[in-house]
Amino acid sequence: MKLQLALDDIKLVDALVLVEKIREYIDIIEIGSPFIIEEGMRSVREFRKYFPEKYILADTKIMDAGDYETELTYLAGADYCTVLGVTDTLTVKGCLESAKKYGKKVFVDMICVKDMEKRILELEEIGVDCFTVHTGVDQQAVGRTALEDLAEMKKVSKKSQISVAGGIKESTLYKYKKVGADIIIVGSGIIHADDPVKAAKAIYKELKSK
Ligand SMILES: O=C([C@H](O)CO)[C@H](O)[C@H](O)COP(=O)(O)O
């Protein structure tokens, strides 16, 4: 299992300093949606410059102009970007074409998708092979978790890479590990932990243990 660190509500300089401290515990650096709104693709370029060995995901949550917006992230140095599963299939196809052109990947974020099974099958049919199961911050605030959706994703998809996000922290990690995913995404569970270095190290160790 890989660990993806989601950088959301953190300033660029603070984020660079933090990632340097926990460099050895992170597999994928996610430039989160709020971070992109604040700093733009400059943030992807900066992380690409200072962390050349890491995978970088730009959490763009694309909803339209799939081909063009996806290309912007790859040109900035991202290995992955994200498109929303609720959008038109044409948009997802545009993202896939761009990913193919650049030899990169796009994750389809399934936040707010009502019929998971139907949408997973439709998207796999057009060539999607990376999904994110995601319970958003606003949904977390009313007590939802990503566990049920993750179980459903695992049941339906037999060939895609699966990542999962939604308030995962050191104390709840075991539940997600039990259901299984290729990538565990942790944001506030590390960046807002009392000791982010300790939290990242503990989460990483747990993910890499059998
Ligand atoms: O995608 C995210 C969210 O929609 C804010 O942009 C977060 O990166 C994702 O949920 C992971 O963060 P945590 O929930 O804080 O672990």
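**Figure 1. Residues around the ligand in the predicted model.** Of the 17 residues that surround the ligand, those coming nearest are Ala 6, Ser 33, Ala 165, Gly 187 and Ser 188. Two or more residues of this shell are contributed by each of helix H2 (33–39), strand S8 (183–186) and helix H10 (188–191). By residue class, the shell divides into 7 nonpolar, 8 polar and 2 charged residues. The structure shown here and in the following views is a predicted model.

**Figure 2. Surroundings of Gly 189 in helix H10.** Gly 189 has 22 other C-beta atoms within 10 Å and is therefore classed as buried, the threshold for that class being 20 or more. Apart from neighbours within four places in sequence, the contacts of Gly 189 are Ile 168, Lys 169, Glu 170 and Ala 199. For Asp 67, which lies 122 residues from Gly 189 along the chain, the C-alpha to C-alpha separation from Gly 189 is 33 Å.

**Figure 3. Asp 109 in strand S5.** Asp 109 is buried, because 25 other C-beta atoms lie within 10 Å. When residues up to four places away in sequence are not counted, Asp 109 touches Lys 61, Thr 82, Leu 84, Gly 85, Thr 132 and His 134. The C-alpha atoms of Asp 109 and Asp 59 are 9.2 Å apart in space, while the two residues are 50 apart in sequence.

**Figure 4. Backbone at Lys 61 in strand S3.** Strand S3 covers residues 55–62, Lys 61 among them. Most residues other than glycine have a negative phi. Lys 61, although not a glycine, has a positive phi of about 45°. Lys 61 counts as partly exposed, because it has 18 C-beta neighbours inside 10 Å; that class lies between the limit for exposed residues, 12 or fewer, and the limit for buried residues, 20 or more. Lys 61 is also one of the residues that Asp 109 touches.

**Figure 5. Backbone at Cys 112 in the loop between strand S5 and helix H6.** The loop that holds Cys 112 runs between strand S5 (105–109) and helix H6 (116–125). Cys 112 is a residue other than glycine with a positive phi, near 65°. With 12 other C-beta atoms within 10 Å, Cys 112 is exposed.

**Figure 6. The protein chain as context for the close-up views.** The protein chain contains 11 helices and 8 strands. Its radius of gyration is 16 Å, close to the 17 Å that the globule rule gives for 210 residues, so the chain is as compact as a globular protein of that length. The C-alpha trace spans about 45 × 35 × 30 Å along its principal axes. Buried residues account for 42% of the 210 residues. Of the contacts between residues at least 6 apart in sequence, 62% join residues at least 24 apart.

**Figure 7. Residues 2–203, a domain listed in UniProt.** An unreviewed UniProt entry lists residues 2–203 as "domain: Orotidine 5'-phosphate decarboxylase". In the model, the chain over residues 2–203 is 47% helix and 21% strand. The C-alpha atoms at the two ends of residues 2–203 are 10 Å apart.

Methods: Residues numbered from 1 in each chain as written. Predicted model: local features only at pLDDT ≥ 70, side-chain atom pairs only at ≥ 80, totals over all residues. Helix = DSSP H or I, 4+ residues; strand = E, 2+ residues; numbered from the N terminus. Rg over C-alpha atoms; globule rule 2.2 N^0.38 Å. Contact = placed C-beta atoms within 7 Å. Near = placed C-beta within 6 Å. Nonpolar A, V, L, I, M, F, W, Y, C, P; charged D, E, K, R; others polar. UniProt positions renumbered as here; feature names shortened; annotations may be inferred.
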